[in-house]
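Colleague: I should like to learn how to read a sheet and the empty spaces in a model of this kind. May we begin with the strands?

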Amino acid sequence: MPKLKVLHFKTFYLNLSETFINRLVRNHKDFEPVIATAFKKKYCEGLNVYEMPSDGISGLINLGQLRFNQSPAFLNSVIEKENPSVIHGHFALDSYRLLRVARKHRIPLIVNFYGYDVIRLPKEFGWKTRYKTLSARADHFIAGSLDMKLNLIRLGFPEERIEIIKLGLDMSNIHFKHRTRTGPRLMMVGRMVEKKGFEYALKAVSILTKREYPVHLNLFGDGPLAPSLKKLCRDLDITRAVTFNGQTGNKQIVDQLYHHDMLLSPSIQAKDGDREGIPQTIVEGMASGIPVIGSTHAGIPELLIDEQTGLLTGERDPEAIARSVVKLMDHPKLVSHISLAGRDKVELDHSIHKLVHATENLYTKVIGNAKAGKFR
């Protein structure tokens, strides 16, 4: 019996950092994935991908519809050819673009939120009204953490149609290395934007070097704050203690986890309200066995339990980050416990196979509701 099909849509499929979507798509078991995108980027190899036409009148029409947050016309032909049973929209903006085509073809729509679309996007011009429409017309919603679900409820999304499904990780791709001690090799990963808290990691390094701890911090990532962060290093006189490695692929990042002693993730709520979900870097780090120091921010405490599966500090607290680094250096038994418990926690909460199963169960549920006349 042929599998039912799920249509995944994202305007850019995919950005380099969006490996979590790639893992979901490539680990489907009971559903066959079909991809529709306006612009092909990464992780498309071996997948059934339809790209929006870019030439002629058809290209202009589709591009105009996309810019006005409407359903691009090419999706109609994709749906007519592939006959998907459910549509999975990734991020709220792209999911809003799917509302018309989902209703036209009477296909249930699931909206997957990831972070900025819960905090920042609703504050932008016109999106308060659009979110009301999205909450009324989409069939179900996926939040990546309890914190994210609570924020969606505050935005007016119906609690009974929000499912918590965390980002999945293929545990077989990340081998576990039990850590029984730490050293001075620190690392931090992410796009260099305010919510990642790079500034506070650098200030913690400054504190540690002044106290004559020979730490070195490797930064992996790029972004708009890179120039100001480099200037901060110069101002703090820690240029010798910090290396900017630029944008780095996921495989290389995972490899680096085994060459460092601690992973820092001091995320904060940005001034514009931007917040994390549960950073994928933390999930990968804990899976590898490296001790993680994170902040009590968004969904991070759902995974990092202080002195159990990691260490937690408050937001914007470089002194606490520095104390946590020293604590791990001074307490090998704590390192050993955190390393083991962190891997166990990730296996429990973030196994890709468990989360794909949960996602496909949700597909089956909304398809059943649609057949029973509960299509929205």
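Modeller: Certainly; please bear in mind that this is a predicted model. Strands of a sheet pair through backbone hydrogen bonds, in either a parallel or an antiparallel manner. Here, strand 5 (residues 109-112) and strand 6 (residues 140-143) run parallel and are joined by 3 bridges.

Colleague: Which residue of strand 6 is the bridge partner of Val111?

Modeller: The partner of Val111 is Phe141.

Colleague: In what order do the strands of the sheet lie?

Modeller: The sheet is open and consists of 7 strands in the order 3-2-1-4-5-6-7, with parallel pairing. Strand 3 (49-51) and strand 7 (162-164) each have a single partner strand, so these two stand at the edges and one side of each lacks a neighbour in the sheet. From one strand to the next, the twist averages 25°.

Colleague: Which strands does helix 8 touch?

Modeller: Helix 8 (residues 146-154) packs on the sheet and touches strand 6 and strand 7. The direction of helix 8 makes about 165° with that of strand 7.

Colleague: Let us turn to the empty spaces. How many cavities of 30 Å³ or more does the structure hold?

Modeller: Rolling a probe the size of a water molecule over the atoms reveals where empty space remains. In this structure there are 4 cavities of 30 Å³ or more, and the largest cavity contains about 140 Å³ of space. Its lining comprises 14 residues, with Leu24, Asn112, Lys166, Leu167 and Gly168 nearest the centre. Helix 1 (19-26) and helix 16 (352-374) are the elements that give two or more residues to this lining; helix 16 gives the most, with 4 residues. By class, the lining of the largest cavity has 10 nonpolar, 3 polar and 1 charged residues.

Colleague: Which residues lie closest to the centre of the largest pocket?

Modeller: They are Ser17, Glu18, Phe20, Arg191 and Lys196, out of 47 lining residues. About 1,400 Å³ of space lies in this pocket. Strand 1 (4-13), helix 1, helix 4 (92-96), helix 11 (250-257) and helix 12 (280-288) are the elements that give two or more residues to its lining. That lining has 18 nonpolar, 15 polar and 14 charged residues.

Colleague: What classes of residue line the second largest pocket?

Modeller: Its lining has 4 nonpolar, 5 polar and 6 charged residues. The second largest pocket holds about 340 Å³ of space, and among its 15 lining residues Thr19, Arg23, Asn173, Asn250 and Glu284 lie nearest the centre. Helix 1 and helix 11 each supply at least two residues of this lining.

Key: Residues are numbered from 1 along each chain as its sequence is written. This is a predicted model: local features need pLDDT of at least 70, side-chain atom pairs count only at pLDDT 80 or more; totals for chains, interfaces and linings use all residues. Side-chain values use heavy atoms; hydrogens and water are left out. On a 1 Å grid over the protein atoms alone, a cavity is a set of points where a 1.4 Å probe fits but cannot get out, and a pocket is an open set with protein on both sides within 12 Å along at least five of seven lines; lining residues have an atom within 4 Å of a point. Grid points are joined across faces, edges and corners, and a volume is the space filled by probe spheres set on the points. Ala, Val, Leu, Ile, Met, Phe, Trp, Tyr, Cys and Pro count as nonpolar, Asp, Glu, Lys and Arg as charged, and the others, Gly among them, as polar. Two strands pair if DSSP finds at least two bridges between them. Axes are lines fitted to C-alpha atoms, for helices over the stretch in contact, and angles run from 0 to 180 degrees between N-to-C directions. Contact means heavy atoms within 4.5 Å.
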